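Reader: I should like to learn how the features of a structural model are read, beginning with its sheets. Would you take me through one case at a time?

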Amino acid sequence: MHELSLVAGLFEILEEKVREFGAARITAVTLRVGRLSGVVPELLRSAFDAYKKGTRAEGARLEIEVAPFDFRCRACGGTVFREEPAACAACGSKDVELVGGMDLIVEKIEIETDDP
Amino acid sequence: MTRKDVLVRRDLLGTNKEIAAGIRKELRRRGILAVNLLSSPGSGKTALLEALADRLKGRCRMAVVEGDIETERDAERIRARGVAAWQITTGGACHLEAKMVAKVLADVPAAIDFLFIENVGNLVCPAGFDLGEGLRCVLLSSPEGDDKPAKYPQAFATADVLLLTKSDLIPLLPFDPDRAAREALAINPRLKVFCVSALRGEGMDGLAAFFVEALAAERAARA
């Protein structure tokens, strides 16, 4: 539901990178979206397409990698198991924490610079 | 023209997380336990706060931040219980963000024990936004159905406490509190589960006692 405001935040990062690298255009953007982030990739895509008009990312394609989530055991320190929170496979503790499922990360962008 | 890949590795919610970390630090400095309440609209967040206000009166000092899309109604209900309340109207936004809470924090008196933050009624979006709270509580009321944890996992996965509310209605409904708790615990085994009725008072003393203990634990961690 708040995909548009997330995309507004994305474009702040993109503008920063345009200035940093003197990019003429951004041609691709790769996002990692956690499976539990509550973000719907299709809605994110529509918001991105609406927002990019008139920006240096106007021609950019959006690549979305949906990331699985892990649980990390806090009792035995670091055993990681995928999408199966019932109990730690190593020590049986239920004191596990979610890692990664809520991610919303701008992984990388592809930019073009015009030759002088 | 040259084309190249640039590694960015930046969190889209990075700014919110930084502000939330600042809030958490400030609350810890002041010795305040903040509790973020998440649920669908109508699960009984405000009624729960009213019932808690009555039970904490004379023992602890609390203040409330109310998040809604429109109106001052919830803050007025809390103030009628003799508790300081601030209303944040998001004007359409579906969740509270840390920067909204940070703005209110300057007005919150230093001499309080609990800051309850009632999020915008929505079981999806608020889960993604850290507000700097010490405890996150998700409410699931009996009329909503015991199948919700698996259908809306985000809120349950990120919470510390699950409150099954409106327990007084359970005899009238096909709602199995054990099933609701089991589904939620399958997503998040750390959840502490309470079954309460703000209206009739069932389970409310136990919940109030839990918050008082959590406050003591928070202050002990600070020392």
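**A sheet shared by two chains**

Author: Four strands make up an open sheet of mixed pairing, in the order E2(A)-E1(A)-E6(A)-E1(B). Please bear in mind that this is a predicted model.

Reader: Which strands stand at the edges of this sheet?

Author: The edges are taken by strand E2 (61-67) of chain A and by E1 of chain B; each has a single partner strand, so one side of each lacks a neighbour in the sheet. On average, neighbouring strands of this sheet are turned by 15° against each other, direction ignored.

Reader: In what sense do E6 of chain A and E1(B) pair, and over how many bridges?

Author: The general idea comes first: strands of a sheet pair through backbone hydrogen bonds, either parallel or antiparallel. Here strand E6 (residues 104-113) of chain A and E1(B) are antiparallel, with eight bridges. One position to locate in the view is A:Thr113, which stands opposite B:Thr2 in E1(B). Within chain A, strand E1 (residues 25-34) and E6(A) also pair in the antiparallel sense, over eight bridges. There A:Leu31 stands opposite A:Val106 in E6(A). Helix H2 (residues 41-51) of chain A packs on the sheet, where it touches E1 and E2 of chain A, and its direction makes about 160° with that of E2(A).

Reader: How many residues of each chain are in contact with the other chain?

Author: For chain B the number is 29, and these are in contact with 33 residues of chain A. On chain B, strand E1 (2-11), helix H6 (153-158) and helix H7 (177-187) each supply at least two residues of the side that touches chain A. E1(B) gives the most to that side, with 10 residues. By class, the side of chain B that touches chain A has 16 nonpolar, six polar and seven charged residues.

**The sheet of chain B**

Reader: In what order do the seven strands of the open sheet in chain B lie?

Author: Their order is E4-E3-E5-E2-E6-E7-E8, and the pairing is parallel. Strand E4 (84-89) and strand E8 (192-195) of chain B are at the edges; each has a single partner strand, so one side of each is left without a neighbour in the sheet. The twist averages 20° from one strand to the next. As one pair to inspect, strand E6 (residues 135-141) of chain B runs parallel to E7(B), and five bridges join them. B:Cys137 has B:Val161 as its bridge partner in E7(B).

Reader: Which strands of chain B does H2(B) lie across?

Author: H2(B) lies across strand E2 (33-38), E3, strand E5 (114-118), E6 and E7 of chain B, at about 165° to E5(B). This helix, residues 45-56, has 12 residues and reaches 16 Å from its first C-alpha to its last, close to the 16 Å expected at 1.5 Å a residue. Among the buried residues of H2(B) are B:Leu48, B:Leu49 and B:Leu52. After H2(B) comes B:Gly58, whose phi is positive, near 85°. H4(B), for its part, lies across E3, E4 and E5 of chain B, running at about 145° to E4(B).

Reader: How should the crossing of H1(B) and H4(B) be read: left-handed or right-handed?

Author: H1(B) passes H4(B) in a left-handed crossing. The axes of helix H1 (residues 14-30) and helix H4 (residues 98-105) of chain B come within 8 Å and cross at roughly 35°. The residues that meet include B:Ile19 and B:Ile23 in H1(B), and B:Val101 and B:Leu105 in H4(B). Seven nonpolar, two polar and two charged residues form this contact.

**Single residues**

Reader: Why does B:Met62 count as buried?

Author: A residue is buried if 20 or more other C-beta atoms lie within 10 Å of its own, and exposed if 12 or fewer do. B:Met62 counts as buried because it has 24 C-beta neighbours inside 10 Å. It is placed in strand E3 (residues 62-68) of chain B. Leaving aside neighbours within four places in sequence, its contacts include B:Ala53, B:Leu56 and B:Val83.

Reader: Is B:Lys166 buried or exposed?

Author: B:Lys166 is buried, because 25 C-beta neighbours are inside 10 Å. This residue is found in the loop between strand E7 (161-165) and H7 of chain B, and its phi is near 60°, a positive value in a residue other than glycine. B:Thr71, by contrast, is exposed, with 11 other C-beta atoms within 10 Å. Its phi is near 75°, also a positive value in a residue other than glycine.

Notes
Residues numbered from 1 in each chain as written. Chains lettered and ligands numbered in written order. Predicted model: local features only at pLDDT ≥ 70, side-chain atom pairs only at ≥ 80, totals over all residues. Contact = placed C-beta atoms within 7 Å. Nonpolar A, V, L, I, M, F, W, Y, C, P; charged D, E, K, R; others polar. Pairing = 2+ DSSP bridges. Expected span 1.5 Å × (residues − 1). Axes fitted to C-alpha atoms, helices over the stretch in contact; angles between N-to-C directions. Left-handed = near helix turned anticlockwise from the far one by under 90°.
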